[in-house]
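Me: Please look closely at a single part of this model and describe the surroundings of that part. Plain terms will do.

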Amino acid sequence: MPFEGSTYGREFLLGDAVLHASGAVPPPEREAQYHLTPRGVLVVVALPKGGHRVFFDQAAGGVTEPPDRAELQTLLDARGPGGWRIGDLWWSSRFQVHTKVAAAFRRDAVFLAGDAAHCHSPAGGQGLNTGVQDGYDIGWKLAAVCRGADPALLDSYEAERRPTAVTAVRNADRQTKLWLLRSRPARAVRDTAMRVLSRRGLLERRFVPELAQVDLDLTGSPAVSAADGTDGALRPGRRVPDLPLTLRHTRAGSPGAGAATLHQYLAAGRHTVVVLADTTDSGPDAARRCGTAEVLLIGGTRPGAPAPRTDTPYDRAEAAHGYAAQAVYVRPDGVVGGRAVLGGPGSPAALDALLARLPDRNGDPWP
């Protein structure tokens, strides 16, 4: 399968080491620092078990050996705040960055994931998240097909993961190009924009979810039901929101029995049906019909009740739907796969259509 894209004309150097500070500025301990200088970039990240990772760029020179401490120190002196010295160095690497995505992620019984499917600059640190999500996506779908789900489910792997990879590669490329700006006017515009966005909190609100990849939009995937016209917090194709959780009905022995929030409960990665209903309404009946699925029964609202707050599983758009309850299928990756309104006309058929998305509903329960 073609691996399409390009290669940067610069090389990148990494080193994991102990940083000693003899000046007034200590190395960061709880943040990542980006020093974007006219000579090039320096990124310093504190490592979880002590020490720091330093990252530099420079013109490609044809050298393939990992950089030694002297070379990294020269770059650190030129781009750092001064007074930082590299002590014990236990790992270093020199590499060129490719910006490439495979033209296809599947051919017959072969699926590409991780670095085999996409590669890009380490800017933003998205490579690990993208690769792990690839593996998780194809993993739960293969398991579902082995348990009786429609093999067409596997067709959704490329439909979901390739656009995500293209977005991650594009974002990393955009960040890298911002890093590598050299002209004074361009750097002044970049630095001013970054300061303004940071002061207003827009960097955290906009870019952190993007880098962490918790804001994926899979509404066009064949593995989720079509949107039902309600743009609420439980929209098919989007990550299910978190909420405080009081368990009222779960299958015996469920490993999520002690969870206090929905995200904690879902962390084990099971197919789950969340029934949002009053216990006197359609909820218990819907729960009984969910077969071997993990079922959460969560108190909801009734028609005509005051519109709930937006920090609940219902927002005002959901409340306007006009029904007391709904059943929501949450995939093992935490994405809403579909939902069915309960208690209204056609709700039995809607619930059956929703539950048809679960693998082996009437067979052995999954772990």
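Reply: A residue counts as buried when its relative accessible area is under 20%, as exposed when that area is over 50%, and as partly exposed in between (1.4 Å probe, protein chains only). The model is predicted, so local features need pLDDT of at least 70 and side-chain atom pairs count only at pLDDT 80 or more, while totals for chains, interfaces and linings use all residues. Residues are numbered from 1 along each chain as its sequence is written, and side-chain values use heavy atoms, with hydrogens and water left out.

The part chosen is helix α1, residues 69–79 (helices, H or I of at least four residues, and strands, E of at least two, are DSSP runs numbered from the N terminus). In α1, Leu72, Gln73, Leu75, Leu76 and Arg79 are buried. Down the axis of α1, these residues fall within an arc of 165 degrees (taken from the directions from the helix axis to the C-beta atoms), so they line one face of the helix. Ala70, Thr74 and Asp77, on the other side of α1, are exposed.

The cover over the buried residues of α1 includes the strands β1 (3–21), β2 (32–37), β3 (40–46), β4 (52–59) and β5 (84–102); contact here means heavy atoms within 4.5 Å. At the start of α1, Asp68 has a side-chain oxygen within 3.3 Å of the backbone nitrogen of Ala70.

Two of those strands, β1 and β2, have a loop between them that holds Gly23. Gly23 is partly exposed, at 41% relative accessible area. Its C-alpha atom is separated by 8.5 Å from that of Pro81, and the two residues are 58 residues apart along the chain.

Methods: Polar contact = N/O pair within 3.5 Å; in protein donor to acceptor, adjacent residues only side chain to side chain.
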